[in-house]
Structures are given as C-alpha cells and as structure tokens.
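Subject: Structure for you to look at

Hello,

I am passing on the structure we spoke about. Please look it over first; my notes on what was found follow below.

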Amino acid sequence: TSGAVTIRSINAGAAGMSGLLIFSSGTSSSGNTGAIFIGTGHATGGRGGSISISVGMGNSAFGGQLSLKSGDSSGGNGGDVTIVTGQSFSSGGSSGALSLGSGNAGHAASKSGDVSVSSGSTTSGDSGDVTLASGPSTNGQGGAVSLSVGAGDSGQGGLLSLTGGKASTLTGGSIVVTSGEGTATTSGAVTIRSANSGVLGVSGRLVFSSGTSKGGNSGGLYLGSGAATGGRGGMISIAVGSGTSGAGGEVRVAAGRSTDNTGGAVSIQSGEGTATTSGAVTIRSANSGAAGASGKLVFSSGTAKTGNSGGVFIGSGAATGGRGGLVSIGVGSADTGGGGSIYITAGASTATSSIGGSVYLRPGAGAGSGGSVVICKADGTAVFTVADSAVDIVSDTVSVTTSSSIDLVAETTISLMANSGISFEGTATSGFEKASTVVTGGNAATMNYQFGVLTSSTSTLQAGASETITLTNSRITTSSVVIVSIQQKCTSGEVMVQSVTYTTSGVALIEVKNMGSFACASTYKLVFAVFA
C-alpha cells in the first residue's frame with residue numbers, strides 16, 4: 001500500500017476551536033480561476049477508493065453545516081452542481097445509488113431535518129425547472145419514482161402536497177399526472193386512492209374540485225376515458241363501497257347554482273353507436289335484502305317561487321326507417337297483498353277562478369290512420385278503445401252513474417241494442433221530439449217529428465162515414481212501425497182508426513171512421529208515433 005497523506009489542523013486546547021482548512025485556487029484578473037480536483041485513483045483488481053466529506057459531531061448548539069455551492073457569474077449563467085453516481089461497465093452490474101436525506105433525529109421531542117429541492121428565484125425571467133425522473137432502459141423497465149411520507153406513531157400522518165406555481169398576471173401552473181406509454185401494449189394505470197383505515201376511524205376522503213373564481217367561470221372537471229381504435233372506449237365506474245352498519249353511502253350528482261341566471265343542467269347520455277345501436281341508460285334502485293323494500297325512484301322537477309315549475313318529459317326519439325321506441329310504465333308483480341297501483345294526477349291550482357290541470361291521453365298520428373287509446377282488463381282483453389272514428393266499450397257490465405244528468409248527442413243516429421231488451425228500470429223517459437198541428441181542409445198534414453198530435457179539419461163527420469188523412473213525415477220509411485190512436489173523441493160521434501198504411505217512404509194514410517149512431521158535433525184529435 002502506498003503511503004497516506006493527511007492534511008489536518010491540530011486539536012484545540014481547553015478553550016477555543018481547531019483551526020480552519022482552506023482549499024482554494026487564487027483569484028484571476030483575466031481568465032478562469034484555477035480548478036480544484038478531489039478524487040481517488042483507478043484500481044485494477046479492486047474498487048476505486050471512497051471519498052467522504054463529513055462534519056464532525058458536536059455536543060452543543062446546531063450541528064455544523066455542509067455546503068456545496070457553484071460559482072456566481074456577472075456575465076453569464078451561474079455554475080452547475082452535478083452529483084452523478086459511478087457507472088458500471090460489468091455485464092450484470094448496476095450504476096451506483098444516489099441517496100439524499102436528512103439524518104435521524106436523536107431525541108423523542110425533536111424531528112428529523114427537512115429536505116428541500118428547489119430552483120432559485122428570478123427577478124426577470126422563468127425560474128429553473130425541478131425534474132425528478134429515472135433514466136430510460138434498454139432490455140428492462142424504467143425505474144420507479146416514488147414520493148412517500150414516512151410513517152409515524154402519534155398525531156396525523158405527514159402531508160404530501162403537489163402545488164402548481166402561482167402567477168400574478170397569467171394562468172397559474174398546471175399539474176399533470178400521466179402514466180407511462182406502452183408503445184407496443186397497454187399504457188400504465190393511474191391510481192388515486194386514500195389508504196385503508198385502521199381498526200378505528202374512516203378511510204380518507206378524495207376531493208376532486210376546481211378552485212373558486214372571482215371574475216369568471218370556475219374550472220371545469222372532466223372524467224373520461226380516451227378514444228379507442230380497434231377496441232371499445234374504456235368504462236367509467238362510480239360506485240360507493242359496501243358497509244356493515246347504517247345506511248349505504250350516497251352518490252350525489254348536483255349541477256351548479258346560479259344567483260342571477262339559470263342553474264346548471266345535469267345531462268346523462270349513452271354512447272352513440274355510429275353503425276349500430278346506441279347504448280342503454282338504466283336508472284334503477286338495487287334489489288332489497290331479505291327484509292325491507294327496494295329503494296324508490298323519484299323523477300321530479302323542483303318547486304318554483306315565481307313562475308312555472310319545470311316540466312317532466314319521458315319519451316323515445318324519432319325513428320327513420322323504423323318505428324318509434326316503446327314507452328312502458330309498469331308495476332312489478334307481488335305475492336302478498338294487493339298489486340301496486342299507478343296514479344296519474346294533474347296539478348291542483350289554488351288561484352282564484354282558475355282550473356286544475358288536465359290529463360291527456362293521445363295516440364300517435366299515422367299516414368293511414370291514427371293509433372288507438374286502449375284500456376284493458378287484467379288478462380289483456382281490450383275493454384275501452386278510442387280510435388279515429390269510433391269508441392268501443394266491450395265488457396260484461398257497464399255502469400255509468402252521475403249526480404245530475406247524462407247527455408248523448410250524435411250527428412246522425414244513436415243505436416241501443418240488447419238481446420234481452422232495454423230496461424229503463426221503471427223510470428220516466430222524456431225529451432222525445434214531438435209537435436201538434438191542425439189538418440188542412442184537404443185532409444193533409446205535414447209534421448216531421450217522431451211523435452205528434454193531429455187535430456181533424458172536419459167537425460161534422462157523419463155516422464157510419466169515414467175519411468182519410470194524409471200525413472207527410474220524413475221519419476216514416478216503408479220498414480217503420482207507425483202507431484196511430486184516438487187521443488180525443490168528437491162530441492156525439494164515436495170515431496175510431498180503421499187503418500194506417502205507408503207503402504211510400506215519408507207518407508202515411510190514416511183512415512178514420514165514425515162508428516157511432518150520431519154525427520160528430522166537434523173535431524177530434526189523433527196521436528201518432530213513428531218507430532224507424
């Protein structure tokens with residue numbers, strides 16, 4: 001072994017300190033100052049010698065500082081500080097590790113020293129970048145970069161903070177977290193999560209939020225997967241973890257509030273299928289457990305203080321080359337109790353002289369004919385059908401009860417048919433069309449009513465004599481039933497209706513004969529009824 005070279009000052013005496021050691025080149029008036037090289041020699045058959053720079057230990061006040069500082073410059077960039085570990089030239093060796101850390105704390109009440117990696121400040125220009133990165137690798141994976149806070153056994157865990165730079169005139173600095181590219185396969189995952197809680201307490205929450213804004217919009221928040229070529233877009237899943245006590249955790253999606261304009265909208269839209277079907281949107285509560293009910297679904301607009309509350313629209317989109325999608329509202333089946341009901345209720349109004357909201361059921365229009373509104377029984381049989389030109393009611397029994405009256409009005413005909421007859425349950429019927437007239441001197445009368453009273457023109461019909469009255473009435477057809485009887489006899493005589501003939505539509509011939517022994521001393525009256 002070659003001899004050692006030791007350069008040191010002598011130990012101090014009982015008072016005072018040991019002498020300084022200064023290794024420095026001299027100043028230069030025109031040119032670079034001299035460099036200082038500290039190094040160990042090369043080794044053959046061994047390793048290069050170590051270089052150790054350390055500050056001695058003291059027993060009072062702070063420990064001595066170790067300072068590495070490059071040179072200042074008044075005419076260019078300041079000097080660099082480069083710390084590089086040794087390179088390995090062997091086939092299986094690694095380059096040397098670089099460790100930067102503060103020493104361990106010596107007492108229970110103190111903490112270990114801070115570690116600060118920072119570029120310096122600047123008065124005109126950008127401050128320097130700080131880059132933490134592992135080097136590229138050939139035939140291996142790139143080295144990991146880990147930022148972690150040490151564990152502690154009292155108080156809260158240490159904070160890990162990433163903050164972009166503040167700017168006084170332009171946009172603040174961004175924070176970008178990007179996983180590594182997999183040029184041939186999958187890119188790396190990005191996982192942001194809080195650690196599991198201990199035996200007591202809860203796991204830490206995650207807050208994804210843009211900051212507040214004083215003179216403009218606050219920043220947007222985007223959660224999305226990237227576009228895919230030769231595959232499908234990545235799924236986005238938002239789920240609350242399960243729990244073993246209390247109610248399950250909520251998922252809330254709320255748009256922003258505005259104090260001077262419309263509040264923000266919430267839009268849920270499935271993905272477009274450019275060549276085939278678009279994705280489904282499913283909103284449902286989970287199945288209940290062994291006891292309890294499944295959660296309810298509420299689709300409602302909010303209340304309004306000055307104006308209309310928001311509408312609720314449920315519908316399928318228009319179709320080209322197909323039919324519009326079905327809209328189905330159904331109640332699930334049950335095995336105990338009655339089946340669930342469906343209520344459709346229009347809004348009430350408390351305003352003076354206003355009316356409540358209406359309920360409209362309207363089928364779709366069609367080029368040939370419109371659709372129908374159909375109300376079915378439980379077995380699916382149609383009971384009430386409203387079509388373009390007809391309303392059909394098919395049921396074993398139809399009961400209509402009102403507290404006042406029912407009006408049936410038709411432009412042409414109202415037909416009442418029953419195999420066993422039509423019963424009015426002993427109540428009076430009224431409102432038939434009827435009129436009365438006096439037969440003219442030619443024994444003819446015109447009266448286009450279903451019921452009527454005819455007063456004869458003659459008042460001296462002789463005993464045994466007869467006369468024919470011609471009644472013109474548009475209600476009479478050749479298949480009608482025409483009933484004529486005496487309503488009021490003449491004085492002294494005994495008139496009777498001998499016959500009624502109507503071989504031509506619109507005309508009836510009524511033959512009346514005095515069957516008494518004396519001539520009539522006054523007119524008589526006939527009453528007729530026409531049943532088509």
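The model is a predicted one, so please read the notes with that in mind.

I start with a single residue, Thr-385. Thr-385 lies in strand E2, which covers residues 382–386. Its relative accessibility is 17%, and because buried means under 20%, Thr-385 counts as buried. Which residues does Thr-385 contact, once its neighbours within four places in sequence are left aside? They are Ser-372, Val-373, Val-374, Ala-390, Val-391 and Asp-392.

One of these contacts, Val-373, also appears in the pairing of strand E2. Strand E1 (residues 373–376) is joined to E2 by four bridges, and the two strands run antiparallel. In that pairing, Val-373 stands opposite Val-386 in E2. E1 and E2 form a hairpin with five residues between the strands. Gly-380 in this hairpin takes a positive phi near 90°.

Next come the aromatic rings. How many aromatic pairs does a search of the whole structure find? The search finds two.

One is formed by Phe-432 and Phe-451, with ring centres 5.3 Å apart and planes at 65°. Why is this pair called edge-to-face? Planes over 60 degrees apart count as edge-to-face, and those of Phe-432 and Phe-451 are at 65°, so the pair meets that cut-off. The pair links distant parts of the chain, with the two positions 19 residues apart in numbering terms: Phe-432 is in the loop between strand E3 (391–393) and strand E4 (434–438), and Phe-451 is in strand E6 (residues 451–455). Phe-432 has 42% relative accessibility and so counts as partly exposed.

Phe-451 also pairs with Phe-531, again edge-to-face, at 6.0 Å centre to centre and 85° between the planes. This pair too links distant parts of the chain, since Phe-451 in strand E6 and Phe-531 in strand E11 (residues 525–531) are 80 residues apart. Phe-531, at 38% relative accessibility, counts as partly exposed. Phe-432, Phe-451 and Phe-531 form one aromatic cluster.

Last, the charged side chains. A search of the whole structure finds four salt bridges, and I describe some of them here.

- Arg-475 and Glu-433 form a salt bridge whose closest N and O atoms are 2.6 Å apart. The pair links distant parts of the chain, 42 residues apart: Arg-475 is in the loop between strand E7 (466–472) and strand E8 (481–488), and Glu-433 is in the loop between E3 and E4. Arg-475 is partly exposed, with a relative accessible area of 35%, and Glu-433 is partly exposed as well, with 27%.
- Glu-250 and Arg-252 form a salt bridge, with 2.6 Å between the closest N and O atoms. Both Glu-250 and Arg-252 are exposed.
- Asp-72 and Lys-69 meet through their side chains in a salt bridge of 2.9 Å, N to O. Asp-72 is exposed, with a relative accessible area of 71%, and Lys-69 counts as exposed at 62% relative accessibility.

The loop between E3 and E4 comes up twice in these notes: Phe-432 of the aromatic cluster is there, and Glu-433 of the salt bridge with Arg-475 is there too.

Regards

Conventions:
Residues numbered from 1 in each chain as written. Predicted model: local features only at pLDDT ≥ 70, side-chain atom pairs only at ≥ 80, totals over all residues. Heavy atoms only, no water. Buried < 20%, exposed > 50% of the residue type's maximum accessible area, 1.4 Å probe, protein only. Contact = heavy atoms within 4.5 Å. Phe/Tyr/Trp six-rings, centres within 6.5 Å; stacked < 30°, edge-to-face > 60°. Pairing = 2+ DSSP bridges.
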